[in-house]
Amino acid sequence: MMEETEMTEVSPPPAPLKDLEQEEDIEDEETKKKRERERSFWMKLWQGLAAGSLAVNIVAMVIVGSGVTIAMGVIACIVAPVVFKRQMDLQDTDTLRRVQNLLRQEVNKIQAENTQLHGSINELEPK
């Protein structure tokens with residue numbers, strides 16, 4: 001006797017992923033350059049303030065040497081590098097958004113190919 005093979009139902013593919021919105025897509029080149037200069041200015045300003053605060057606190061710890069000054073200097077030595085690093089991370093946010101959108105486009109492409117392969121498999125299976 002021949003056994004009947006069950007046809008399995010293929011679930012519909014998930015909806016394609018949407019790209020994250022990019023403000024820069026709407027802007028013209030001049031606005032992009034202006035925004036980049038402004039972003040760069042603020043990044044340098046905050047990083048400069050963090051480095052300046054670190055330097056002032058180290059000098060104060062050496063000159064004054066009291067417990068409160070040393071405690072505040074240690075806190076500044078911890079916070080200043082964090083501020084510096086976070087500003088660098090914020091600068092890279094747009095780049096990461098672009099990479100994520102490229103990954104989503106690739107996922108959508110693979111989903112479409114997967115759907116096509118499921119259709120081909122269904123055609124080849126005996127009924």
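Just after helix α1 comes Gly-65, a residue whose phi is positive, near 75 degrees. The model described here is predicted, and this glycine is a handy place to start reading it.

Helix α1 itself covers residues 29-63. Its length can be checked with simple arithmetic: at 1.5 Å a residue, the 35 residues of α1 should span 51 Å, and the end C-alpha atoms are indeed 51 Å apart, so expectation and model agree. Several residues of α1 are buried, namely Ser-40, Met-43, Gln-47, Ala-50 and Asn-57. These buried residues pack against α2. A general point helps in reading such a list: an α-helix has 3.6 residues a turn, so residues three or four places apart point the same way.

The packing can also be followed from the other helix. Ala-80 is found in helix α2, and it counts as buried because its relative accessibility is 10%, below the cut-off of 20%. Beyond its neighbours within four places in sequence, Ala-80 is in contact with Ala-50 and Leu-54. Of these partners, Ala-50 is among the buried residues of α1. Ala-80 and Gly-48 are 32 residues apart in sequence, and their C-alpha atoms are 9.7 Å apart in space.

Helix α2, which spans residues 67-91, also holds Ile-75. Is Ile-75 buried or exposed? The answer lies in between: Ile-75 is partly exposed, because its relative accessible area is 44%, and the class runs from 20% to 50%. Ile-75 belongs to a nonpolar patch on the surface, together with Val-68, Ile-70, Met-72, Val-74, Ile-78 and Val-79. The accessible area of the patch is about 620 Å² in total.

Stepping back to the chain as a whole, the fold has three helices and zero strands, giving the order α-α-α from the N terminus on. Of the 127 residues, 13% count as buried. The chain exposes about 10700 Å², and carbon and sulfur atoms supply 63% of that area. Among contacts with a separation of 6 or more, 72% join residues 24 or more positions apart.

Finally, a word on confidence. The mean pLDDT of the chain is 76, and 76% of the residues reach 70 or more. Among the elements, helix α1 has the lowest mean pLDDT, 81, while helix α3 (residues 93-124) has the highest, 85. Over residues 1-7, pLDDT stays under 50, and the model has four contacts beyond four places in sequence for this stretch.

Methods
Residues are numbered from 1 along each chain as its sequence is written. This is a predicted model: local features need pLDDT of at least 70, side-chain atom pairs count only at pLDDT 80 or more; totals for chains, interfaces and linings use all residues. Side-chain values use heavy atoms; hydrogens and water are left out. Patches are made of residues with over 30% relative accessible area and no salt bridge: like charges are joined within 9 Å, nonpolar side chains (Val, Leu, Ile, Met, Phe, Trp, Tyr) within 5 Å. Accessible areas come from the Shrake-Rupley method with a 1.4 Å probe; for residues, only the protein chains shown count as cover. A salt bridge is a side-chain nitrogen of Lys or Arg within 4 Å of a carboxyl oxygen of Asp or Glu. Helices (H or I, at least four residues) and strands (E, at least two) are DSSP runs, numbered from the N terminus. Buried means under 20% relative accessible area, exposed over 50%, partly exposed in between (1.4 Å probe, protein chains only). Contact means heavy atoms within 4.5 Å. pLDDT is the predictor's confidence in each residue, from 0 to 100. The expected span of a helix is 1.5 Å times one less than its number of residues.
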